[in-house]
Amino acid sequence: MIIMNKYIPLPKQTDSEFWTVDRLEHIRKLAMTGEPIAILQSRRSSLRILDRVEFPGVTNRIYREPHSNTRITFSGIEMSSPLYLGDMSYGALSGNPNIAIAKAADITETLAGTGEGGLHPEVAKHRRIFVQWASARFGVDIDVLKSGLGVVIKIGQGAKPGIGGHLPGSKVTEPISKTRRIPVGMDAISPAPHHDIYSIEDLGQRIEALKELTGKPVFVKVAATNYIPYIVSGIARMKADGVIIDGHGAGTGATPAVIRDNVGIPIELAVASADSTLRREGLRDGFTIIAAGRVADATDAAKLLALGADVVSVGTGALIALGCVMVHKCHIGSCPTALTNRIDGSRVMDLEFGVKSLVNFVRGFTLELANVLDNLGLSSVSELKGRRDLLYGYGLSRDVLEILGIRGEVEELDPKLGELWTRRRKTALHDIINKGEPSLTSMGSTAPPDVEKPARILDWIRTDGAQVTRPSIDPYREDIDTSFLLKGGEVYLSLPVMFDVSEAPGEYRNSLSWASLALGSMIFSEETLPPYEEVTFSADFRGIMTWSERKRADTYLKVEDLEEIEDAANEGEVHGFLIDEDSMGEDLELILSDADIRLKEAGVRNRFDLIAKSSRLRDSADVFKLVALGADAVVLPYSVLEVAIGEGSKGNLRERAFNLIAGMKKEIALLAGAAGVYSVQSSLTGNRELLRAVNLNSYVARRIRVRQAGSL
């Protein structure tokens with residue numbers, strides 16, 4: 001057995017990370033010393049919104065014994081600091097880390113969340129815990145619910161909004177089996193919705209029942225999604241004591257990458273909009289907001305408190321204090337630091353080391369927060385809550401500054417700043433072509449625009465996660481209809497995806513054609529490739545659908561500009577329009593959205609299909625967002641398969657093409673289910689309400705009619 005009782009060296013980071021080496025080293029120094037290290041650092045070059053918000057004109061002097069008081073009280077619970085140590089389950093973590101977190105909360109007079117999956121018997125001995133009542137109710141009984149100081153109804157979380165928890169079967173060993181009361185080796189996939197909570201009224205009943213049963217405060221945990229102001233308002237009206245809002249980028253033990261990277265909004269926008277709504281509706285007093293997701297240090301915490309939070313949650317930060325080196329392999333069960341590894345006796349974190357490190361981290365974090373207060377001229381943390389007047393934004397869009405409710409310098413950023421293909425995007429596709437399943441990953445998102453730089457407008461857009469105000473749909477247990485009917489109902493697609501094989505080498509063309517025929521997808525080409533006529537969209541009139549550069553009856557018109565669409569729509573001879581970014585000279589998102597809106601305004605949208613095409617499209621998330629902007633189908637380049645294979649063997653190309661299309665269909669179902677969509681064509685096409693922009697250039701956002709995240 002390997003005992004982990006010290007920090008291992010940080011690996012070199014070769015990709016973009018939110019949790020950069022300097023952030024990790026800062027946390028490690030706090031954990032080793034318990035002393036304040038640094039505050040109020042400027043990170044203005046980052047595209048993360050919270051990094052572009054600062055306390056202007058404030059000094060950053062560090063005092064070992066600051067004067068400001070960080071103590072708070074809510075729901076009858078006294079805390080030395082407004083610090084909540086995450087919601088991390090036994091199973092996602094490997095046992096000793098769970099105990100260390102609970103013990104550290106007791107010692108430091110803070111709070112710890114137990115996460116989903118029952119209660120570790122050693123954790124149950126500690127008082128300052130909130131136990132979780134999640135959708136699967138794994139290991140939950142009356143004794144569990146009465147442990148600790150409060151109960152959390154988990155509706156959603158920031159790393160996987162709209163879908164349930166996911167503990168891979170490889171990590172369900174005997175101890176986890178007993179605690180969760182499920183068989184050894186079985187995937188523990190929680191339902192996406194609570195099957196007894198389908199409305200805000202249902203939630204109110206559960207809140208009242210748990211209060212009656214336990215006599216303890218009841219909080220509701222939700223992901224930060226499109227309707228977060230209304231969701232939080234509803235939770236407050238249903239008499240919950242507070243809410244934990246988990247923002248995009250929050251950590252997790254396992255989640256599909258497509259969900260982690262494309263669903264949900266940043267915590268700073270969610271907190272600001274929720275706080276504003278609660279105040280306007282007279283619901284703010286006595287209601288606690290706990291802000292979670294990418295709280296990296298006391299400076300982040302101070303900003304979130306000033307935007308309206310009462311408490312901040314540090315889940316990933318706590319793990320880093322315990323030794324995490326951010327290798328994103330929690331779901332595999334081979335954690336090098338014994339934090340998230342499979343419980344098999346081969347590697348264990350030393351409990352004494354963990355408790356000491358975490359206690360020091362909390363004390364150092366608290367001292368840094370007190371130093372921020374001192375430098376702001378405030379005597380207590382309660383004086384900081386809601387003080388947006390102390391904040392100033394740099395390089396944020398006009399819309400975002402308005403949502404945050406702060407002053408600032410307006411900058412409308414160029415949407416295209418980064419590279420089209422990042423290594424992580426390639427890796428996710430590589431997983432799909434080998435397994436035919438959505439790629440699983442762990443820890444927080446590195447997606448644009450917050451971490452990696454956005455390469456196109458789609459990268460600034462996030463999709464919705466349904467919760468509380470409407471239920472999500474469980475794609476693991478229910479069939480979600482991803483099919484599309486084109487050409488007036490004559491042509492069936494099992495998913496809104498075609499592959500352009502016009503210039504593909506023969507082996508790629510044949511493989512994608514075969515897989516498309518097998519799975520009910522289509523291929524796009526100049527000439528029809530026998531024997532795949534029934535799945536070919538070609539220009540030679542021999543496929544099942546025909547496109548043309550001139551207006552011809554019974555074809556799809558490849559347009560050069562939007563005026564052509566209006567003229568052809570008035571004549572009514574074509575089935576629809578092919579919008580090709582490569583030949584039109586403008587961003588596909590803009591042209592497609594304009595075409596969809598014009599046809600709607602003319603009252604003829606349902607008579608014509610819009611087919612979106614570009615050589616710069618990459619994956620199912622691009623497809624899903626383009627459908628929401630108005631596409632009836634999306635033509636991806638064959639090179640997606642080529643990129644997914646990379647430098648690897650080109651063997652089994654048919655199987656890999658099959659897996660690619662099958663995996664994309666499942667990913668689209670995941671995104672749809674998370675958004676509460678049963679039928680993708682009828683409920684998603686042109687439904688921009690399921691999209692939100694994250695600091696996207698305001699002029700671009702208005703043109704495509706996508707509202708900014710956090711807006712009402």
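Helices (H or I, at least four residues) and strands (E, at least two) are DSSP runs, numbered from the N terminus. The model is predicted: local features need pLDDT of at least 70, side-chain atom pairs count only at pLDDT 80 or more, and totals for chains, interfaces and linings use all residues. Residues are numbered from 1 along each chain as its sequence is written, and side-chain values use heavy atoms, with hydrogens and water left out.

**Exercise 1. Locate Arg 137 and describe its backbone and side chain.**

Solution.
Step 1. Arg 137 belongs to the loop between strand 7 (129-133) and helix 3 (142-145).
Step 2. Its phi is positive, about 55°, although Arg 137 is not a glycine.
Step 3. The relative accessible area of Arg 137 is 24%. Buried means under 20% relative accessible area, exposed over 50%, and partly exposed in between (1.4 Å probe, protein chains only). Arg 137 is therefore partly exposed.
Step 4. The charged end of Arg 137 sits over the ring of Trp 133, 3.6 Å from the ring centre. The criterion is that NZ of Lys or CZ of Arg is within 6 Å of the ring centre and within 35 degrees of the ring normal.
Step 5. Another such arrangement places the charged end of Arg 44 over the ring of Tyr 394, 3.6 Å from its centre.

**Exercise 2. Describe the backbone and surroundings of Met 326.**

Solution.
Step 1. Met 326 has a phi near 60°, a positive value in a residue other than glycine.
Step 2. Met 326 is placed in the loop between helix 10 and strand 16 (347-349).
Step 3. With a relative accessible area of 6%, Met 326 is buried.

**Exercise 3. Classify the aromatic pair of Phe 361 and Phe 365.**

Solution.
Step 1. A pair of aromatic rings is described by the distance of the centres and the angle of the planes. Rings of Phe, Tyr and Trp (its six-membered ring) pair if their centres lie within 6.5 Å; planes under 30 degrees apart count as stacked, over 60 as edge-to-face and the rest as tilted.
Step 2. A search of the whole structure gives 14 aromatic pairs. For Phe 361 and Phe 365 the ring centres are 5.7 Å apart and the planes stand at 65°, so the pair is edge-to-face.
Step 3. Both residues lie in helix 11 (residues 351-376), 4 residues apart, about one turn of the helix.
Step 4. Phe 361 is buried at a relative accessible area of 1%, and Phe 365 also counts as buried at 1%.

**Exercise 4. Classify the pair of Trp 514 and Phe 658, and place both residues.**

Solution.
Step 1. The two ring centres are 6.2 Å apart with 45° between the planes, and the pair is tilted.
Step 2. Trp 514 lies in helix 14 (residues 506-519) and Phe 658 in helix 20 (residues 653-674); the pair links distant parts of the chain, 144 residues apart.
Step 3. Trp 514 is partly exposed, with a relative accessible area of 29%; Phe 658 is partly exposed, with 29%.
Step 4. Elsewhere, Phe 74, Tyr 84, Phe 130 and Phe 219 form one aromatic cluster.

**Exercise 5. Characterise the largest cavity and its lining.**

Solution.
Step 1. On a 1 Å grid over the protein atoms alone, a cavity is a set of points where a 1.4 Å probe fits but cannot get out; lining residues have an atom within 4 Å of a point. Grid points are joined across faces, edges and corners, and a volume is the space filled by probe spheres set on the points.
Step 2. The structure holds 10 cavities of 30 Å³ or more, and the largest has a volume of about 560 Å³.
Step 3. The lining of the largest cavity has 42 residues, of which Asp 87, Met 88, Gln 157, Gly 251 and Thr 252 lie nearest its centre.
Step 4. Helix 10 supplies the largest share of this lining, 3 residues.
Step 5. By class, the lining has 16 nonpolar, 17 polar and 9 charged residues. Ala, Val, Leu, Ile, Met, Phe, Trp, Tyr, Cys and Pro count as nonpolar, Asp, Glu, Lys and Arg as charged, and the others, Gly among them, as polar.

**Exercise 6. Identify cis peptide bonds and their loops.**

Solution.
Step 1. Pro 448 and Pro 449 are joined by a cis peptide bond, with omega about 0°. Pro 449 is in the loop between strand 19 (440-441) and strand 20 (461-463).
Step 2. The bond from Pro 530 to Pro 531 is cis, with omega near 0°. Pro 531 is in the loop between strand 24 (522-524) and strand 25 (536-538).

Methods:
On a 1 Å grid over the protein atoms alone, a cavity is a set of points where a 1.4 Å probe fits but cannot get out, and a pocket is an open set with protein on both sides within 12 Å along at least five of seven lines; lining residues have an atom within 4 Å of a point.
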